[in-house]
Protein chains: 2
Amino acid sequence: MVSTRRRDVIEAAGRLFAERGYHGTSMRDLGRELGLLGSSLYSHVESKQDLLVEVVEEGARLFEESAAGALATTGAAVDRLRALIDGHVGVILDNLDVARTFLNEARVLDPGHRARVLGARDHYEEAFRSVIRQGVEEGSFRSDTDPKTVTILLLSMLNAIERWYHPHGPLGRGDLVERILELTLRGIL
Amino acid sequence: MVSTRRRDVIEAAGRLFAERGYHGTSMRDLGRELGLLGSSLYSHVESKQDLLVEVVEEGARLFEESAAGALATTGAAVDRLRALIDGHVGVILDNLDVARTFLNEARVLDPGHRARVLGARDHYEEAFRSVIRQGVEEGSFRSDTDPKTVTILLLSMLNAIERWYHPHGPLGRGDLVERILELTLRGIL
DNA sequence: CCTACCGATCGGTAGG
DNA sequence: CCTACCGATCGGTAGG
């Protein structure tokens, strides 16, 4: 059983790590966020690093689950690619702080945890590569498409959403998915 | 006249800020990098913030000059867009530390400098939007192209290069420009 | 969860 | 550019 209070601490940590970065957040900052002293946090967590591990691993899990769900669908590559994109956008928009910490602060992890996260990230990217390969084999995607490069470029667009998207802006969530899919599929020519 | 030593300090600061972030770099770390004590740095710079300002403003200047050069060309929108993309890739690959610090650490700037950098960034993006608008007006780009969204997505791909590109990897610099241009123009369908 | 700390490190300064 | 510092803040602990 994980206490509610511990969950609260991890959630607030994700918020501050996302906003100011790991090194820009002190345990006293985090305590203030929760209405207690920095030293009191050690009743709930072992260390500051421990908090980062919890947040980043949650991010890794969310993305992994999203990819697994999308890959479980059968159908044309375009539809499976849409499912992957839709899932990725969903994870970011529904878990903004966790996603931002996962994307920007994983490098601060100790070597062991960092290696694990990099492995998970590579496994996640493989989901995109495999669906793009499927499209090429089906003949629905251009035959000179390089799955590796396209995956990196597509994920570049998806991951950057964290940096500019405003939930109350002109672009709805569904629009966003369609714009990215359309640019990737048809281009602007 | 700016002393060579001051240039050295700023350059080393860019390297460490890019690698570990502003808050992850101490003045003593920076001194060690240059073979002197942290306190000795204050003969060359006023403060740690001052160093960040220098690096980020240099980044802003490099991008701005690149855009100005690309906009100075006349011709079809496709060619001008290629010039913009080529310039952006060039700035990142030739000034990796400065570009990374500009892209990731500008948020740490004091409000005044941060506002200036955000303004410069918006002006830079306007170069992309205007060329895309030109393409739509020419009829060479799809009429339902939204310059604003396409610019953000394109710059997402370009800015992320800093995160994954290896100069000695399989993808040459020219290849990289062509892949991004091709995906943006034609898509993979 | 607070009180009362700890040693280490932070950005920065005075004086040479 | 170093010596010798400064006060402030850091992550973390013992004991209640």
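**Entry 1. Surroundings of DNA strand C**

I looked up which residues of this predicted model lie around DNA strand C. There are 15 of them, and A:Ser40, A:Ser43, B:Met27, B:Tyr42 and B:Lys48 come nearest. I then checked which part of the strand faces the protein: sugar and phosphate make up 51% of the atoms of DNA strand C that come within 4 Å of the protein. Sorted by class, the residues of the surface near DNA strand C are four nonpolar, eight polar and three charged.

**Entry 2. Phosphate oxygens**

I next looked up distances from side chains to phosphate oxygens of DNA strand C. For A:Ser40, a polar side-chain atom lies 2.5 Å from a phosphate oxygen of the strand. In chain B, I found an N or O atom of the B:Lys48 side chain 2.8 Å from a phosphate oxygen. For the side chain of B:Ser26, the corresponding distance is 3.3 Å.

**Entry 3. Helix H2 of chain B**

I turned to helix H2 of chain B, which covers residues 27–34. Which of its residues are buried? I noted B:Met27, B:Asp29, B:Leu30, B:Gly31 and B:Leu34. B:Met27 is also one of the residues that come nearest to DNA strand C. The cover over the buried residues of H2(B) includes helix H1 (4–20) and helix H3 (48–71) of chain B. After H2(B) comes B:Gly35, and I recorded a positive phi for B:Gly35, near 75°.

**Entry 4. Contact between chain B and chain A**

I looked up how the two chains meet. The contact takes 37 residues from chain B and 37 residues from chain A. About 3,300 Å² is buried between the chains, with 58% given by carbon and sulfur atoms. Which three residues supply more of the area that chain B buries against chain A than any other three? They are B:Arg142, B:Ile188 and B:Leu189, and they supply 23% of that area.

**Entry 5. Polar pairs and elements at the interface**

I counted six salt bridges across the interface of chain B and chain A. I noted one between the side chains of A:Arg107 and B:Glu105, at 3.8 Å from N to O. Between the chains, 26 residue pairs are in polar contact, with both residues at pLDDT 80 or more. On chain B, the elements that give two or more residues to the side touching chain A are H1, helix H5 (96–105), helix H7 (147–164) and helix H8 (173–186). H7(B) gives the most, with nine residues. I closed the entry with the classes: this side of chain B has 16 nonpolar, 10 polar and 11 charged residues.

Methods:
Residues are numbered from 1 along each chain as its sequence is written. Chains are lettered from A and ligands numbered from 1 in the order in which they are written. This is a predicted model: local features need pLDDT of at least 70, side-chain atom pairs count only at pLDDT 80 or more; totals for chains, interfaces and linings use all residues. Side-chain values use heavy atoms; hydrogens and water are left out. A residue is near a molecule or strand if one of its heavy atoms lies within 4 Å of it. A polar contact is a pair of N or O atoms within 3.5 Å; within protein, one must be able to donate a hydrogen and the other to accept it, and residues adjacent in sequence count only if both atoms are side-chain atoms. Ala, Val, Leu, Ile, Met, Phe, Trp, Tyr, Cys and Pro count as nonpolar, Asp, Glu, Lys and Arg as charged, and the others, Gly among them, as polar. Buried means under 20% relative accessible area, exposed over 50%, partly exposed in between (1.4 Å probe, protein chains only). Helices (H or I, at least four residues) and strands (E, at least two) are DSSP runs, numbered from the N terminus. Contact means heavy atoms within 4.5 Å. Buried area is the accessible area (1.4 Å probe) that two parts lose on being put together, summed over both. A salt bridge is a side-chain nitrogen of Lys or Arg within 4 Å of a carboxyl oxygen of Asp or Glu.
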